[in-house]
Amino acid sequence: MASPNFAFIPRNISKGGKQQRPSPHAPSSRRLEPTPAHKRAYTGPSVNDKGKRKESELSAKPVYNEKDISILVVLAFSDYALWLDSDLRRKTEESLQNEEHDAGFLPLSYLMRRAFGRENLSREYMPSEANAVKAIRTYAGDVLEVRMLVSAPSTSAWYPSWKPERNSIGSYEVRRKDWSTLLDNATREFTRAQWDDRTIYLENIPAQYHTIPGIIQFAQGLLSQCTGSSAPNPIQNVTLPPHHLDKTEDRPKCKGFALVTLCNAELCQIFLESWPWTRPFQPSESDDSSPAEDKLETKEASKFGFRTLPKARWDKLNEEYLAYRQKLINELADANELPHISLNSDVRDVTDDILEDILAPPRNVTTIYSSYPFGCLVFARNLHLETNKTTLRALFATAFESSPVNHAGIDYVDFNKGMDSCYLRLASPEHGRVLVDRFSSQPVAQSHGLDDIGNTPGASQKAITTEIIEGKKEEVYWEKVPEKVRRQAVEKVVKALSGKQPSASAHTTYGHSEESRPRKKRNRG
């Protein structure tokens, strides 16, 4: 007799009124109502989202009918799944220790996450528990038993507090019909080799069965026509061999072949004898010439040239294929290598002489279109803390006294008082090389702040060091210089490189030198 708390409420009463959403904490009477038969099975989120979703995204969304849902749930609770998944096996064994009316039951939501986890689906694309219950009762009632809980089981018994599944444990439980014999099942002690003996390779699977549920329906349809192949759950596992470029988060895709694990070796032998590997391909015949007793799966298998192979033989062929592919890759790599030409000693001597005469082209050459002059920035350190710009200009100008370059090679001294380092903007890259060579070959140090000649550094003094700034540091420095100053510096370097180097007197009035700009006279009125 039904409890008075769950009285039947006609749906027409609430028709036209605003439907209230049940509280997530209180049990809802709607959970007891059976799913109407006219309703469609779960097909994922609605695709009619105001036209905002792309067709490419919609085509990739999985669509499961009730038959597919029941197959995936049964597959997640198979003997192979219990052998492979240690967590599922442990929770099943713990549940079998309960009383008879509770023994073997697991939360349906826990099993569904394992069933659809292999599909790499997010939670929003998983079917609801109500759809799964209807599918199990319709198509898998001889394998699984489902019951509804008035109150959801304790989440602490299944998930720690930090797990997101703690709040979605569900209100349905499921167990296998043969739960009383699970602890005595011989597959509990199987090894990997024993499961491999029960695994076969299927090739040329018809295109309409290119999903895991489809492959299972196709295999079960073929087995149903063979005598002595009756088993409640013949298919234990389906593996889709991935492509070597597939990522771990990608959803498995069937490319016309799969590895199928069966419950016993006899079924494997039936497959191998009925659809051998060397079976000649036969073109499809018309429906009139086909026997009337042939099922759809048999017709499609013959049409697509379906064939099978033991997993051990497939492993060997796969190794041969990988070795052959690697051989082709190596041959292609060898063909693309440049031929090695051995030269005699006379030819090598001539070649070396020619290469020595050819100067290496400069890495960066300043042109009129350059954003800043290349190679014209020098950084100096270990200066006297009391020095100034005038003293530094005279000190570094001594590097050009005995060189053929223009003595007025320092355009600007970028120095702040109290610092022991500065930047030098030079008139050309050649001035930078001459200055760095001079201070590296003849180390000097400032004895006081106004020392513009320098002397040999003592034991407690550090010599002035210089280096040419290039690359990213050079680019960052010139970005902070005003555009007009940069443009004038580029023009001056281009003239110097083209042989039109300005004289020393012209330098004093050249516009881009920030120190030599004429001071404006103050109008005294």
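# A tour from helix H4 to helix H14

Select Arg90 to begin: with a relative accessible area of 39%, this residue counts as partly exposed. The model on the screen is a predicted one. Keep Arg90 displayed and add Glu94, whose relative accessibility of 45% makes Glu94 partly exposed as well. The two side chains meet in a salt bridge, with 3.2 Å from N to O. Both residues belong to helix H4, which covers residues 86-95. Within helix H4, Arg90 and Glu94 are four residues apart, about one turn of the helix.

**The whole protein**

Now zoom out and display the entire chain as a cartoon. The protein has 525 residues, of which 38% are buried. Colouring by secondary structure should bring out 17 helices and 11 strands. Consider next the contacts with a separation of 6 or more: 72% of them are between residues 24 or more positions apart. If a surface is switched on, its accessible area comes to about 33100 Å². Carbon and sulfur atoms contribute 52% of that area. The salt bridge already visited is one of 18 found in a search of the whole structure.

**Leu82 in helix H3**

Select Leu82, which is located in helix H3 (residues 79-84). Is Leu82 buried or exposed? Its relative accessibility is 11%, so Leu82 counts as buried, the cut-off for that class being under 20%. To see what surrounds this side chain, leave aside the neighbours within four places in sequence and show Phe77, Leu88, Arg89, Thr92, Arg176 and Leu182, with which Leu82 is in contact. Leu182 deserves a separate selection: in sequence, Leu82 and Leu182 are 100 residues apart, yet their C-alpha atoms are 9.7 Å apart in space.

**A sheet of four strands**

Hide the side chains and look for strands S4, S5, S6 and S7. In which order do the strands of this open sheet stand? The order is S5-S6-S4-S7, and the pairing is antiparallel. At the edges are strand S5 (235-239) and strand S7 (307-310), each of which pairs on one side only. On average, and with direction ignored, neighbouring strands of the sheet are turned by 30 degrees against each other.

Next, select S5 together with strand S6 (residues 257-262); these two strands pair in the antiparallel sense over four bridges. Two cross-strand pairs can be picked out here. Ile235 stands opposite Leu262 in S6, and Asn237 stands opposite Thr261 in S6. A general point is helpful at this stage: in a regular strand, side chains alternate between the two faces of the sheet. Although S5 is an edge strand, S5 is mostly covered, with four of its five residues buried.

Add helix H11 (residues 311-336) to the view. Helix H11 lies across strand S4 (199-203), S6 and S7. Rotate the model until the helix and S7 are both clear; helix H11 runs at about 90 degrees to S7.

**Helix H14 and its surroundings**

Select residues 429-441, which make up helix H14. This helix has 13 residues and reaches 18 Å from its first C-alpha to its last, close to the 18 Å expected at 1.5 Å a residue. Show the side chains of Pro429, His431, Val434, Leu435, Val436, Arg438 and Phe439, which are among the buried residues of H14, as is Gly432. What do the buried residues of H14 pack against? Their partners are strand S8 (377-381), helix H13 (389-397), strand S10 (421-426), strand S11 (465-468) and helix H16 (483-497).

Two of these partners, S8 and S11, are also joined by a salt bridge. Select Arg381 and Glu467, whose closest N and O atoms are 3.7 Å apart. This pair links distant parts of the chain: Arg381 lies in strand S8 and Glu467 in strand S11, 86 residues apart. Arg381 is partly exposed, with a relative accessible area of 34%; Glu467, at 34% relative accessibility, is partly exposed too.

Return to H14 for a further salt bridge, formed by Glu430 and Arg433, with the closest N and O atoms 2.8 Å apart. Because these residues are three apart in helix H14, about one helical turn separates Glu430 from Arg433. Glu430 has a relative accessible area of 37% and is partly exposed; Arg433, at 42%, is also partly exposed.

As a last selection, display Asp85, Asp87, Arg90, Glu94 and Arg114, which salt bridges with shared partners join into one network.

Note on methods: Residues numbered from 1 in each chain as written. Predicted model: local features only at pLDDT ≥ 70, side-chain atom pairs only at ≥ 80, totals over all residues. Heavy atoms only, no water. Expected span 1.5 Å × (residues − 1). Buried < 20%, exposed > 50% of the residue type's maximum accessible area, 1.4 Å probe, protein only. Contact = heavy atoms within 4.5 Å. Salt bridge = Lys/Arg side-chain N within 4 Å of Asp/Glu carboxyl O. Areas by Shrake-Rupley, 256 points an atom, 1.4 Å probe, with all protein chains shown as cover. Pairing = 2+ DSSP bridges. Axes fitted to C-alpha atoms, helices over the stretch in contact; angles between N-to-C directions.
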